[in-house]
Amino acid sequence: FFFTWNTSKFAPPGVAQNPVATSRDLRLPAYTLDVHFTYFFTFTATLSGSPSVTISAVVQVDVISSAPIAIIAGGNVEISASRAVYLDASGSMDVDRISNSSSFHYHWSCSSRDSTSCPFSFTNGLPYVLFAPNTLPAGTYDFIVSVTVRNMTSATSSFLAK
C-alpha cells in the first residue's frame, strides 16, 4: 500500500490540500495546529501496483482553547507567625501558548479552617500576596487564586498554617 495524508485549514475536503505525511500514521508535534481553527485531514490508501484501488477517509479537527493552569508557589506549609508569608501564582500558565502571563488576571480569596474568618480580601489583581510578619493571625487558611485569560478561568488552592 501507498499512504498519504493531506490537510486543509478551513476548507472542506478536496480544496487547497497540502500533503503532510506518507505513512499510515500521522503524528503532529505539540502546538503544530493553531487554536481556534478547523482542520480537515484526508487519509488515502492506494494499493501498490494498482493505482485505481484507492480508499479515502476524512477527519475534521476543531482546535479549541484550554483554560489556564493556576499554580501557587509558597503554600502548603506550616510557618510561625513571626515569618512573612509570600504566595506566588506567577508560575500559572496558558497551555495554548497564546497569552503571556502579563495578560492574566488574578483574583485571590481566603477562607479559614478554624472558627475564625479570614480577615483579608485581595482585589489587587497581582499574581502574589504578601503578609508582613505578625500580620496574619494564627490559624489554618486556604488561599485560592483564580487565574483568568481570554475569558477562561482556572483556580487552585493552597493551605497555610501559622
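**Exercise 1. An edge strand and its partner**

Which residue in S10 does Val77 stand opposite? Place this pair in its sheet.

*Solution.* The coordinates are those of a predicted model.

Step 1. Val77 stands opposite Leu160 in S10.

Step 2. A further pair links the two strands: the bridge partner of Glu78 in S10 is Ala161.

Step 3. S5 and strand S10, residues 152–161, run parallel and are joined by two bridges.

Step 4. The sheet that holds them is open and has four strands, in the order S5-S10-S9-S7, with mixed pairing. Strand S5 (77–78) and strand S7 (105–112) each have a single partner strand and stand at the edges, so one side of each has no neighbour in the sheet.

**Exercise 2. The S9–S10 hairpin**

Determine how S9 and S10 are paired, and describe the residues of the turn between them.

*Solution.*

Step 1. Strand S9 covers residues 140–149 and runs antiparallel to S10, with 10 bridges joining the two. One pair across these strands is Phe143, which stands opposite Ser158 in S10.

Step 2. The two strands form a hairpin with two residues between them. In the turn, Arg150 has a positive phi of about 50°.

Step 3. Asn151 is also found in the loop between S9 and S10. Its phi is near 60°, a positive value in a residue other than glycine.

Step 4. The cut-off for an exposed residue is over 50% relative accessible area. Asn151 has 79% and is therefore exposed.

**Exercise 3. A second asparagine with positive phi**

Locate Asn134, and decide from its relative accessibility whether it is buried or exposed.

*Solution.*

Step 1. Asn134 lies in the loop between S8 and S9.

Step 2. The backbone of Asn134 has a phi near 65°, which is positive although the residue is not glycine.

Step 3. The relative accessibility of Asn134 is 58%, so the residue counts as exposed.

**Exercise 4. Strand S1**

Establish how far strand S1 is covered, and identify its pairing with S3.

*Solution.*

Step 1. Strand S1 spans residues 2–9 and is mostly covered, since six of its eight residues are buried. Buried here means under 20% relative accessible area.

Step 2. S1 pairs with S3 over eight bridges, in the antiparallel sense.

Step 3. Within this pairing, Phe3 stands opposite Ala45 in S3.

**Exercise 5. Two loop residues and their contacts**

For Tyr31 and Gly125, find the loop, the contacts beyond four places in sequence, and one C-alpha separation.

*Solution.*

Step 1. Tyr31 has its place in the loop between strand S2 (18–21) and strand S3 (38–47). Its relative accessibility is 45%, so Tyr31 counts as partly exposed.

Step 2. Leaving aside residues up to four places away in sequence, Tyr31 touches Val95, Asp96 and Arg97.

Step 3. Asp142 lies 111 residues from Tyr31 along the chain, and the C-alpha atoms of the two are separated by 35 Å.

Step 4. Gly125 lies in the loop between S7 and strand S8 (128–131). With residues up to four places away excluded, Gly125 touches His105 and Tyr106.

Step 5. Gly125 and Val20 are 105 residues apart along the chain, and 44 Å separates their C-alpha atoms.

**Exercise 6. The protein as a whole**

Describe the secondary structure, overall dimensions, burial, surface and charge of the protein.

*Solution.*

Step 1. The protein has 10 strands and zero helices. Along the sequence, the pattern is β-β-β-β-β-β-β-β-β-β.

Step 2. The radius of gyration is 25 Å, whereas a compact globule of 162 residues would have one near 15 Å. Taken along the principal axes, the C-alpha atoms fill a box of roughly 80 × 25 × 25 Å.

Step 3. Of the 162 residues, 35% are buried. Among contacts with a separation of 6 or more, 56% come from residues 24 or more positions apart.

Step 4. About 9,500 Å² of the protein is exposed, and carbon and sulfur atoms supply 55% of that area.

Step 5. There are 8 positive and 9 negative side chains. The centres of these two sets lie 5 Å apart.

Note on methods. Residues numbered from 1 in each chain as written. Predicted model: local features only at pLDDT ≥ 70, side-chain atom pairs only at ≥ 80, totals over all residues. Heavy atoms only, no water. Rg over C-alpha atoms; globule rule 2.2 N^0.38 Å. Buried < 20%, exposed > 50% of the residue type's maximum accessible area, 1.4 Å probe, protein only. Contact = heavy atoms within 4.5 Å. Areas by Shrake-Rupley, 256 points an atom, 1.4 Å probe, with all protein chains shown as cover. Lys, Arg positive; Asp, Glu negative; His and termini not counted. Charge placed at Lys NZ, Arg CZ, Asp CG, Glu CD. Pairing = 2+ DSSP bridges.
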